[in-house]
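Ready for a little practice in reading strands and sheets? Take a look at the structure, then work through the exercises one by one.

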Amino acid sequence: MISSAVLTRRAAPVLACVGLLAVWQVASLALKNDSFPTAIEAIRAIPDILGDRESLTNILASLRRMAMGFGVAVLVSIPLGLLMGRSRGIAAFFNPLLMVIYPVPKAALMPIIMLWLGVGDATKTLVIFLGVSLPVIYHSFEGAKAVEEKMLWSGAAMGLSSAKRLVRIVLPVALPEILTGCRTGLVLALITMITSEMIARQSGAGNILFNALDMGQYDTVFAMIIIVGTMGICLDAIFESVRARLVRWSEPQFDMPLSFS
Amino acid sequence: MKARQNGRGSNDALDGCENDDPSGRLLAKVVPLNVRAREAKDRMTVVPARSSEWMRPVNSQEPASAIIEIDRVSQVFQTSARKDHLALSDISLTIEEGAFVSILGPSGCGKSTLLYIVGGFVRPTSGMAKIRGHTITGPGPDRGPVFQEFALFPWKTVLGNVMYGPRQQGVRTAEAEAQSRALIEMVGLKGFENFYPKELSGGMKQRVALARTLAYQPEVLLMDEPFGALDAHTRTRLQNDLLNIWERDRKTVLFVTHSVDEAVFLSDKVVMMSKSPGRIRQVIDIDLPRPRRRNELLLDPRYQKYVVDIERMFDESDEAGPFS
């Protein structure tokens, strides 16, 4: 027997999606604008895209670059962030560099990077890498900084060297914070993936989207938006299930009832 | 835990049938090199030394030898205002093997800092601390800390926390687990092996922390106001349990506290410290019989006199100084 609270929690996301589509449908019918197709028209265009071999190759190429950029960024950023969090010297060296790069829109760097690396995979992957790495570094840094000194002392007393303490104490303790950064990074990876393909049109999901826009195929444009949005939801759900498994120890036991419920 | 029950404190001449590793280390001071080599081998395998190898009584040969020597230690901290603050001034103290020594003083007298120096977590500005004659340059498994903040590993279960030290020192998983389960039972947490630290109360966390430290068999326990964050009831229960556990192997304990009752109840020796700069005011031997029972001790006039005398001494020093 499923309790009503659980039912509400399960049904809520579905309800939100259906509601959004309904509002879209009504707004589109009311506005009667050629460049704003109805939700149903957009959804009808999805099978055409996913059925088309070339479109599918494009989307998969996007995902491959994203996975590559995200993966490398995480592998580089976590150790760097942890080292920064535990060593004032390293933090003092990297902090100004990161603060310079952080506010720059990564897409704005695209034209320059394109001059060096061309319009291919390398450029786009690099841009995704840059977009992902900063939040991951930042959160790893904060997570490592917050590790209780006495926890490290306890480890030192057991004979763990400082390198081992970093891997075997700082990393697990900071993991919830690191994963928060990775989640932000995942969203940013998706965003930079599309924008990079908007600037360097050659292949990818963004390429389909903006080509359709140029040709006035608005139902395809909106269908692509739905596809990208769905990719976002799915990636986030996968990430969340992995995250929940990794940091089960830090999760609160029960759902805290909100004050108004 | 059988191996630990017949450990050091006993003076029985033939008590060696299941001698304990730390006792083996003590021997290193007085026995020739070949035994030392064997001891080194034992330490590598980390299994407590086997009975037949140690037939000689250890303790009766060297009664009450110094295990920790603190030699003219001073500690200067930079305050946020960039001023030097003398936290510890010229502290010298010798702690004997198997003694329960409390460092008692008002907050801010540097008593925890002194403990951290012995732990090797903090380097003294001047002077030095030694363990068995070796200058302390960093933390090591011969000195096991227990902190007021518990400092448990939050991603590990109770069992995982307790097993961490032995595993780190190369004890096989099965063996480490058996030892750890026994320790968890000893600190009264049987049934909680698979709980995470956040699921435990403060008193239970501190029990885990104690078991985790005992698990890697340090020679000296360094306890930094371990019961300071607990409520009065839990606190007395943990004091009783700590004494019971301590009675089994009489490990050397250095215990920092600001509670006079606690210091007198637990200790063989109370080191009274004064504030700014932290200095040793007086060292008082607590001559009360062991094993100590709380209900008997509280009625004992000698216990009461110790408490009253020590409290009076602190009051006097407060009145002598400026009001703050």
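**Exercise 1: Partners in a parallel pair**

Find the residue in β8(B) that is the bridge partner of Val220(B).

*Solution.* Go to β8(B) and you'll land on Thr252(B), the bridge partner of Val220(B). Keep in mind that this is a predicted model. Now zoom out to the strands: β7 (residues 220-224) and β8 (residues 252-257) of chain B run parallel, and five bridges join them.

**Exercise 2: The six-stranded sheet**

Work out which strands stand at the edges of the open sheet of six strands in chain B.

*Solution.* Start with the order, which is β6-β7-β8-β3-β9-β10 (chain B), with mixed pairing. At the edges you meet β6 (143-147) and β10 (279-285) of chain B; each has a single partner strand, so one side of each has no neighbour in the sheet. From one strand to the next, the twist averages 15°. Next, look for a helix from the other chain: α7 (residues 149-157) of chain A packs on the sheet and touches β6 and β7 of chain B. The direction of this helix makes about 160° with that of β6(B).

**Exercise 3: The four-stranded sheet**

Describe how the strands pair in the open sheet of four strands in chain B, and find the helix that packs on it.

*Solution.* Read off the order β2-β1-β4-β5 (chain B); the pairing here is antiparallel. The edge strands, β2 (84-96) and β5 (134-135) of chain B, pair on one side only. Then pick out one pair: five bridges join β1 (residues 66-78) to β4 (residues 126-131) of chain B. Asp71(B) sits opposite Met128(B) in β4(B). Finally, the helix is α4 (residues 111-119) of chain B, which touches β1, β2 and β4 of chain B.

Key
Residues numbered from 1 in each chain as written. Chains lettered and ligands numbered in written order. Predicted model: local features only at pLDDT ≥ 70, side-chain atom pairs only at ≥ 80, totals over all residues. Heavy atoms only, no water. Pairing = 2+ DSSP bridges. Helix = DSSP H or I, 4+ residues; strand = E, 2+ residues; numbered from the N terminus. Contact = heavy atoms within 4.5 Å. Axes fitted to C-alpha atoms, helices over the stretch in contact; angles between N-to-C directions.
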